[in-house]
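Please walk through this model with me, starting at the ligand and moving out to the strands.

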Amino acid sequence: MSSLAQALHAALDRRAPLFDQLQQQGTDCYRLFHGSQEGAPGLTLDRYGEQLMVQSFHAVLDQAELLRLWEQVKIFLGLDLRLVYNDRSGGNSRIDRSDPVYQADAAALEDLIGREWGLAYRVRARHAGQDPLLFLDLRNARGWVRQNSTGRSVLNLFAYTCGVGLCAAAGGAGEVLNLDFAEGNLAVGKENGELNPQLPKMQFLQSDYFPAIRQLAGLPITTRRGQKLPSYPRVAQRQFDLVFLDPPAWARSAFGTVDLARDYQSLLKPALLATADDGVLVCCNNLAKVSMDEWRDQVLRCASKIGRPVRDWEQLSPAADFPSNDGRPPLKTLILRL
Ligand SMILES: C[S@@+](CC[C@H](N)C(=O)[O-])C[C@H]1O[C@@H](n2cnc3c(N)ncnc32)[C@H](O)[C@@H]1O
C-alpha cells in the first residue's frame with residue numbers, strides 16, 4: 001500500500017463513528033480526507049452526495065494513484081461514487097479544465113443534489129467560481145443556526161449559495177434575508193430554496209456588503225477620496241434577531257475592501273449595529289494565521305467600544321471531518337449574544 005493509500009485508510013477509519021452520525025443527520029456531503037492534517041498537504045477528498053471530488057492544491061496527482069484512491073473510497077463506503085478531479089495546483093488555482101490526468105464522465109459533471117442536515121443542496125463540480133457550491137467546514141455552524149432560528153428574523157451576510165439562510169428557514173425563522181453581491185451565487189441560493197419546497201420562502205438582496213449593511217445599521221455611506229460611488233439598492237434602517245457574518249478572507253469592491261487580516265472591525269461594527277438588543281451575531285474568520293484568542297479579543301473589544309457589549313459568547317469548531325492537530329482550525333466561529 002502506498003503511503004497515500006495508508007493515510008487515506010487511517011482517515012476513513014477515524015471517521016467511522018462520524019459517518020454513522022452523518023447518516024442519521026441526513027448528511028451526505030462531508031470531507032473524507034483533509035490532507036493538510038492527515039498526511040498529504042494540499043490534497044482533499046470530499047463527498048458531495050453521489051460525487052467524489054478530489055482536489056490537489058500543491059502538486060498534480062498521478063492518474064494511477066487517483067484511480068486507486070477512488071477505488072479505496074468506493075470500497076470503504078460501499079458506494080459507487082462518481083469521480084471528479086480538480087487540479088488547482090500551479091497555475092490552475094481556478095481549476096484546470098483540460099483534464100490531462102482524468103476526464104470525468106458527463107454524469108459526474110451534471111448538476112447533482114447533495115444533502116446536509118436533511119436539506120437538499122445543488123452540487124456542481126465545475127462552475128465559474130473557485131469553490132464547490134457548499135463550504136463543508138461550515139456544517140456545524142449551519143446546524144447551530146437551524147437549532148436557534150425559531151421565530152427569529154435572520155440576516156445572512158456574504159450569503160454565497162445561502163446554506164445558512166436555508167438552515168434558518170428550516171429552523172422556523174420568521175424571516176430570512178440573504179445578502180451577497182454575486183448574482184450567480186444568489187441564483188444557486190434561489191435554486192437551493194426551490195429544492196426544499198417544504199420551507200418558507202427566503203428573501204434575497206443583491207448588493208455590495210458595505211452600502212447595504214451601513215444603511216441597515218443607520219450609518220452614512222462613505223466615499224473614497226470623494227470618488228463617485230456606483231449605484232446601490234436602497235434599504236431602510238433596521239435590525240435582525242440573528243445576524244450571520246461569514247466574509248471571504250479578502251475581496252475588493254468600489255465600496256471598500258474586505259480584509260480579515262487587517263480590518264475585521266469595519267465588517268463587524270455595522271453588523272453589530274444591525275443586530276437587535278438581545279439578538280445574536282454569529283461571526284466567522286477563516287484566516288488560518290489568526291488565532292481564535294487573538295481574534296475573539298478583537299471582536300469583544302470592538303463590541304464594547306461601539307456600545308454593543310457582548311453578554312456572553314460561545315465558540316464553534318468544524319466537525320471531525322476537518323481535524324486540526326494543533327487545535328487551531330482555520331475556520332473560527334463565534335456566537336455573540338448581545
Ligand atoms: C467565502 S463566501 C462566504 C461563504 C458563505 N457565508 C457560506 O455560507 O457558504 C464569500 C461570498 O462573499 C461574497 N462577497 C465578497 N465580497 C462581497 C461584498 N463586498 N459584498 C457582498 N458580497 C461579497 C462573494 O460573492 C461570496 O459569495
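Tyrosine 209 offers a polar backbone atom to the ligand, 2.8 Å from one of its nitrogen atoms. The model is predicted, and the distances here are computed from it. Two side chains add to the picture. Aspartate 180 has a side-chain N or O atom 2.6 Å from a ligand oxygen. In asparagine 185, a polar side-chain atom sits 2.8 Å from an oxygen atom of the ligand. How much of the ligand does the protein bury? Taken alone, the ligand exposes 600 Å², and the protein buries 91% of that.

The surroundings comprise 15 residues. Of these, Phe158, Asp180, Asn185, Tyr209 and Asp246 come nearest. Asp180 also belongs to strand S8, which spans residues 175-180.

Now turn to strand S7, residues 153-157. Is this strand enclosed or open to the outside? Buried here means under 20% relative accessible area. By that cut-off 5 of the 5 residues of S7 are buried, so the strand is largely enclosed by the rest of the structure. Its side chains split between two directions. Ser153, Leu155 and Leu157 point one way, while Val154 and Asn156 point the other way. Residues on both sides are buried.

Which strands pair with S7? One is S8, parallel to S7 and joined to it by 5 bridges. Within this pairing, asparagine 156 has asparagine 178 of S8 as its bridge partner. The chain travels from S7 to S8 by way of helix H7, residues 163-170. This β-α-β crossover is right-handed. Another partner is strand S10, residues 240-245, which also runs parallel to S7 and is joined to it by 4 bridges. There, leucine 242 of S10 stands opposite valine 154.

A further sheet involves other strands. This open sheet has 4 strands in the order S1-S2-S3-S4, and its pairing is mixed. Strands S1 (29-34) and S4 (82-87) stand at the edges. Each has a single partner strand, so one side of each is left without a neighbour in the sheet. On average, neighbouring strands of this sheet are turned by 20° against each other, direction ignored.

Look last at the S1 edge. In general, strands of a sheet pair through backbone hydrogen bonds, either parallel or antiparallel. Which sense joins S1 to S2? S1 and S2 (residues 43-48) pair in the antiparallel sense, over 5 bridges. Cysteine 29 has tyrosine 48 in S2 as its bridge partner.

Terms used
Residues are numbered from 1 along each chain as its sequence is written. This is a predicted model: local features need pLDDT of at least 70, side-chain atom pairs count only at pLDDT 80 or more; totals for chains, interfaces and linings use all residues. Side-chain values use heavy atoms; hydrogens and water are left out. Buried means under 20% relative accessible area, exposed over 50%, partly exposed in between (1.4 Å probe, protein chains only). Two strands pair if DSSP finds at least two bridges between them. A crossover is right-handed if, with the strands pointing away from the viewer, the path from the first strand over the helix to the second runs clockwise. Axes are lines fitted to C-alpha atoms, for helices over the stretch in contact, and angles run from 0 to 180 degrees between N-to-C directions. A residue is near a molecule or strand if one of its heavy atoms lies within 4 Å of it. A polar contact is a pair of N or O atoms within 3.5 Å; within protein, one must be able to donate a hydrogen and the other to accept it, and residues adjacent in sequence count only if both atoms are side-chain atoms. Accessible areas come from the Shrake-Rupley method with a 1.4 Å probe; for residues, only the protein chains shown count as cover.
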